[in-house]
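Me: I am new to this structure and would like a close look at one part of it. Please take the nonpolar core and the aromatic rings, and then go on to what lies around them.

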Amino acid sequence: MDYQNRGGSKFGGGGVAGENESAVDRRERLRKLALETIDLAKDPYLLRTHLGTIECRLCLTLHTNEGSYLAHTQGKKHQTNLARRAARETKDTSVYQQQLQANQQQGGKPAVQKKQFIKIGSPGYQITKVKDPVTGQLGLLFQIHYPKIAEGVRPRHRFMSSYEQNVEPPSRDYQYITIAAEPYQTISFKIQSKEIDDGEGRSWEYWDPDSQTYSFQFLFM
């Protein structure tokens with residue numbers, strides 16, 4: 001087929017670009033623009049894995065490099081999830097303000113009612129060993145799935161000394177991580193009694209209400 005002599009093309013130019021070529025060129029231009037204008041250090045949804053890849057916490061997608069991740073952030077899926085999350089946060093804020101105004105009109109503090117839930121068993125979970133590619137520190141990534149979590153409840157975790165529990169004989173060689181979210185049973189994991197790195201960005205937690213997955217990662221000193 002003669003691509004050079006089609007209407008609208010210039011001699012020697014290889015012909016008019018098709019729809020696929022135009023889409024590829026557009027994505028490349030968006031990627032370069034994002035690399036120049038976006039500060040990845042401030043992106044709350046970017047997660048660098050121990051394998052050197054990049055994960056989008058919002059969409060749960062994996063990317064080989066920063067350019068691929070930035071191209072993803074300009075795409076329809078990421079933008080749709082951003083809009084969906086913004087709408088949910090706006091709705092939650094509106095409901096909170098309405099409740100606050102109603103309490104103020106009543107002229108007194110609302111009575112705090114303790115929520116009671118019927119336990120429905122333990123949640124599913126995954127544990128992954130991680131290693132910081134820069135410092136070489138070892139750590140663990142916990143991913144807990146709560147498909148039937150109670151409305152308005154967010155999972156919480158805490159580290160617990162071996163001497164705070166009464167299930168196993170206490171030992172200074174171990175400590176525990178407990179993770180709780182109603183109406184599920186509280187689960188606990190036994191780990192080495194090493195100091196946890198509390199430096200900025202060394203440990204993080206994230207609750208994804210869309211997939212209803214709680215992620216928590218930490219590194220040992």
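Reply: What follows starts with the core and its rings, then turns to a buried loop residue, and ends with a small sheet and a helix. The model is a predicted one.

The largest nonpolar core has 20 residues. Those with the most contacts inside this core are Phe142, Ile144, Tyr146, Ile177, Ile179, Tyr214 and Phe218. Two or more residues each come from S5, S7, S8 and strand S10 (213–219). A second core, separate from this one, has 15 residues, among them Leu47, Ile54, Cys59 and Leu219. As a general point, nonpolar side chains tend to be buried together in soluble globular proteins.

Two of the contributing strands, S7 and S8, form a hairpin with six residues between them. Strand S7 covers residues 174–180 and strand S8 covers residues 187–192. They run antiparallel and are joined by six bridges. Within this pairing, Tyr176 of the hairpin stands opposite Lys190 in S8.

Ile179 gives a view of the surroundings inside the core. Leaving out residues up to four places away in sequence, Ile179 touches Ile144, Tyr146, Arg156, His157, Thr186, Ile187, Phe189 and Tyr214. Of these, Ile144, Tyr146 and Tyr214 are also listed, like Ile179 itself, among the core residues with the most contacts.

The aromatic rings come next. The structure holds ten aromatic pairs. One of them is formed by Phe142 and Phe189, whose ring centres are 4.9 Å apart. Their planes meet at 45°, so this pair is tilted. Phe142 lies in strand S5 and Phe189 in strand S8, so the pair ties together parts that are 47 residues apart in sequence. Phe142 has a relative accessibility of 1% and counts as buried, because buried means under 20%. Phe189 is buried too, with a relative accessible area of 9%.

Another pair consists of Tyr146 and Tyr184, with ring centres 5.2 Å apart and planes at 70°, so this pair is edge-to-face. It links distant parts of the chain: Tyr146 is in the loop between S5 and strand S6 (156–161), while Tyr184 is in the loop between S7 and S8, 38 residues apart. Both Tyr146 and Tyr184 are buried. Phe142 and Phe189 also belong to one aromatic cluster, together with Tyr125, Phe159, Phe216, Phe218 and Phe220.

Phe220 leads on to a polar residue. Its backbone oxygen lies 2.9 Å from a polar atom of the side chain of Gln137. Gln137 is found in the loop between strand S4 (124–131) and strand S5 (138–145). Its relative accessibility is 13%, so Gln137 counts as buried. The side chain of Gln137 also makes a polar contact with the side chain of Arg202, at 2.7 Å. Apart from neighbours within four places in sequence, Gln137 is in contact with Val130, Lys131, Asp132, Asp197, Arg202, Leu219, Phe220 and Met221. Leu219, in this list, is a member of the second core.

Leu47 and Ile54 of that second core point to a sheet elsewhere in the chain. Three strands form this open sheet in the order S1-S2-S3, with antiparallel pairing. Its edge strands are strand S1 (46–48) and strand S3 (61–63), each of which pairs on one side only. From one strand to the next, the twist averages 30°. Strand S2 (residues 54–56) is joined to S3 by three bridges. In S3, Thr61 is the bridge partner of Cys56. In general, the strands of a sheet pair through backbone hydrogen bonds.

Thr53 lies in the loop between S1 and S2. With a relative accessible area of 23%, Thr53 is partly exposed, because partly exposed lies between 20% and 50%. Leaving aside neighbours within four places in sequence, Thr53 is in contact with Leu47, Arg48, Leu62 and His63. The C-alpha atom of Thr53 is separated by 6.4 Å from that of Asn65, twelve residues apart along the chain.

Asn65 in turn caps the N-terminal end of H2, where one of its side-chain oxygens lies 3.2 Å from the backbone nitrogen of Gly67. Helix H2 covers residues 66–73, and its buried residues are Gly67, Tyr69, Leu70, His72 and Thr73.

Key:
Residues are numbered from 1 along each chain as its sequence is written. This is a predicted model: local features need pLDDT of at least 70, side-chain atom pairs count only at pLDDT 80 or more; totals for chains, interfaces and linings use all residues. Side-chain values use heavy atoms; hydrogens and water are left out. Two strands pair if DSSP finds at least two bridges between them. Helices (H or I, at least four residues) and strands (E, at least two) are DSSP runs, numbered from the N terminus. Axes are lines fitted to C-alpha atoms, for helices over the stretch in contact, and angles run from 0 to 180 degrees between N-to-C directions. Buried means under 20% relative accessible area, exposed over 50%, partly exposed in between (1.4 Å probe, protein chains only). A polar contact is a pair of N or O atoms within 3.5 Å; within protein, one must be able to donate a hydrogen and the other to accept it, and residues adjacent in sequence count only if both atoms are side-chain atoms. Contact means heavy atoms within 4.5 Å. A nonpolar core is a set of buried Ala, Val, Leu, Ile, Met, Phe, Trp, Tyr and Cys residues joined through side-chain atoms within 4.5 Å. Rings of Phe, Tyr and Trp (its six-membered ring) pair if their centres lie within 6.5 Å; planes under 30 degrees apart count as stacked, over 60 as edge-to-face and the rest as tilted.
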